[in-house]
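Biologist: Got a minute to go through this one with me? Put it on the screen and we'll start.

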Amino acid sequence: MDLAVAIGSLHLKNPLIAASGCFGYGVEYADAVDLASLGGIVVKGLFLAEREGHPAPRIVETPAGMLNAIGLQGIGVRRFVDEQLPELRARNATVIVNVCGTTLDEYVEVSKILSDAEGVAAIELNISCPNIKEGGIQFGCSLHGTHDVVSAVRKATRLPLIPKLTPNVTDVASFARAAEEAGADAVSLVNTFLAMVIDVETRRPKISNIVGGLSGPAIRPIAVRMVYECRQAVKIPVVGMGGIADARDALEFMIAGATAVQVGTANFVDPFIWPKLLDGMRDYGERHHLTRIADLVGSLDTRKKDHAWTSS
Amino acid sequence: MPIDVAAEVIGNRSLSSDYNVLALAAPAIAAAAAPGQFVMVKAAGGCDPLLRRPFSVFEILRDTSGIPTGLSILSKRIGPSTRLIYDAQPRDRVAVLGPLGRPFTVVEPPVDAWMIAGGVGLAPFWTLAEALRARGVQTTLFYGARTGAELFYLDVFRALGVELALTTEDGSAGERGRVVAPLDRRLAARSADAPLMLYACGPEGMLAATARVAKAHHRPCQVSVERVMGCGMGGCYSCVVPMRSGGGVHHVRSCIAGPVLAADQIVWD
């Protein structure tokens, strides 16, 4: 089965992408995983400047999931280009950079620096981090804001542009439409769900930021539904994520309408998950006689079962 | 490169109603592990609990010819994951990823080594004591617990030729009080010309107090920190420790920069 998929001009050798914030800058995993074997890796979100993020504790486990508020700790785009990108390039990784900003100008500036660098395949626009007040969510929670930031970055770069959408809105599909109208090549979703965990003995929040973003298998059915809704609403490709832990989960997102999928939390549990996911996809392709995995995208069968039995 | 194995449980020794030592058949990880390194452990498949938990390698298990056959972890039951580890049965399978992290820097004679352990913080010191004694380093273990019944494996350290300085909070064994008190006294009594390395592992307050007295007596100190950790590989940025470097304070990932860190660079609360 041909595993290749395309997101606009971005060609991926397979649909598996390491999710931003869950794979460091990629180099951390280079001993465990052949980085070139992944469809792509989205490196941790980058602003212009270095950021230290929130104090610990930054995560807490929840039923079938985890809550995080890291606070977008990062080395800044220039250090990334100088210190990490050369190794990623040498390892033939398909590098997608998650771009953050506190202002429109910062998004544009970071994107320009990445456009001039060698070895960046695409930009994922982070307008959805729930954990910092000034970090894009003010763009991602307003249709005008989404349109404005995507338009501004669109004018500044020819790299494939993939805004990452927050699920913390009433109608995520309208945000996918706003991104499409502003010139996005694809949208990725979902970022984490705003959530909270309290220690009842001490009455204190379990993470220092009080609230954080929920990820992991617990959120998967909601994420699948949102990917399905966006697929119906836009013509550009959708990159799906949210609690994928095995190949069947990834396939579920693709059938719902995702052209490619991202895996995050599951990589924490098993850094060797990538070849297992690929093997599972290949097995499925053989059993279902698929020649191209791309044929699976959006293939959800919503016909009534009765109809299927009685029609000739 | 870390190794991930579904290790068979080859023994589970209950030390008390809270503490146990779980022996795991993970020979490749055991053979590669250095003192102070850790493993990420998940005692059940599925989603609950979801994440692995970090544990120092406690003992390297060997066959009669000295070949590593596995490792053990020292666990204190505090939540769902450590309950599964407490209750694990022989022949159960436990996911073990490792060895991970930066190990202790092991000194050589004429430098003496003083290890300071609080409670479950004893965990990294068996392998460190073996390495130190194999080099002929004079080694002392300052070891504190709540009660005498929670001072474990004293015979092991004695057999390695490690001098013991014990404290308990209830006075049931050793000196009554906290382990940093005898450490402070012994540091004050020691000649400044006699070289010394301190190694500490235990509760955060104990580590901070150890760092303070080490600094007061101008002694280097390596601490093994314990943080809530998501992945152990540098991917999640959850286990950070604020550390001074280059004139500023930076959040350092204790999984890859540590867990062994220089006490005098950590910003203690």
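**Helix 4, the chain contact and some odd backbone**

Modeller: Let's start with what packs over helix 4 of chain A. The cover on its buried residues includes helix 2 (104-116), strand 8 (122-126), helix 3 (137-140), strand 9 (161-164) and helix 5 (172-181) of chain A. Bear in mind that this is a predicted model.

Biologist: Which residues of helix 4 of chain A are buried?

Modeller: A:Thr146, A:His147, A:Val149, A:Val150 and A:Val153.

Biologist: Any general reason for that kind of spacing?

Modeller: In an α-helix there are 3.6 residues a turn, so residues three or four places apart point the same way.

Biologist: How many residues does helix 4 of chain A have, and how far does it reach?

Modeller: It has 14 residues, 143-156. From first C-alpha to last it reaches 20 Å, close to the 20 Å expected at 1.5 Å a residue.

Biologist: New topic. How many residues of chain A are in contact with chain B?

Modeller: 28 residues of chain A, against 24 residues of chain B. On the chain A side, strand 5 (59-62), strand 6 (65-68) and helix 8 (265-269) each supply at least two residues.

Biologist: And by class, what is on the side of chain A that touches chain B?

Modeller: 16 nonpolar, 7 polar and 5 charged residues.

Biologist: Now backbone. Where are cis peptide bonds in chain B?

Modeller: One joins B:Asp48 and B:Pro49, with omega about 0°. B:Pro49 sits in the loop between strand 3 (38-42) and strand 4 (53-56) of chain B. Another joins B:Gly258 and B:Pro259, where omega is about 10°. B:Pro259 is in the loop that runs from strand 15 (248-253) to strand 16 (260-262) of chain B.

Biologist: What about phi at A:Arg203?

Modeller: It is positive, near 60°, and the residue is not a glycine. Most residues other than glycine have a negative phi. A:Arg203 lies in the loop between strand 12 (198-199) and strand 13 (204-205) of chain A.

Biologist: Is A:Arg203 buried or exposed?

Modeller: A:Arg203 is exposed, because just 7 other C-beta atoms lie within 10 Å, and the cut-off for exposed is 12 or fewer.

Biologist: And what is phi at B:Tyr153?

Modeller: Positive too, about 60°. B:Tyr153 is in the loop between strand 9 (139-145) and helix 4 (154-159) of chain B.

Biologist: How does B:Tyr153 count for exposure?

Modeller: Partly exposed, because B:Tyr153 has 18 C-beta neighbours inside 10 Å, and buried takes 20 or more.

Note on methods: Residues numbered from 1 in each chain as written. Chains lettered and ligands numbered in written order. Predicted model: local features only at pLDDT ≥ 70, side-chain atom pairs only at ≥ 80, totals over all residues. Helix = DSSP H or I, 4+ residues; strand = E, 2+ residues; numbered from the N terminus. Expected span 1.5 Å × (residues − 1). Contact = placed C-beta atoms within 7 Å. Nonpolar A, V, L, I, M, F, W, Y, C, P; charged D, E, K, R; others polar.
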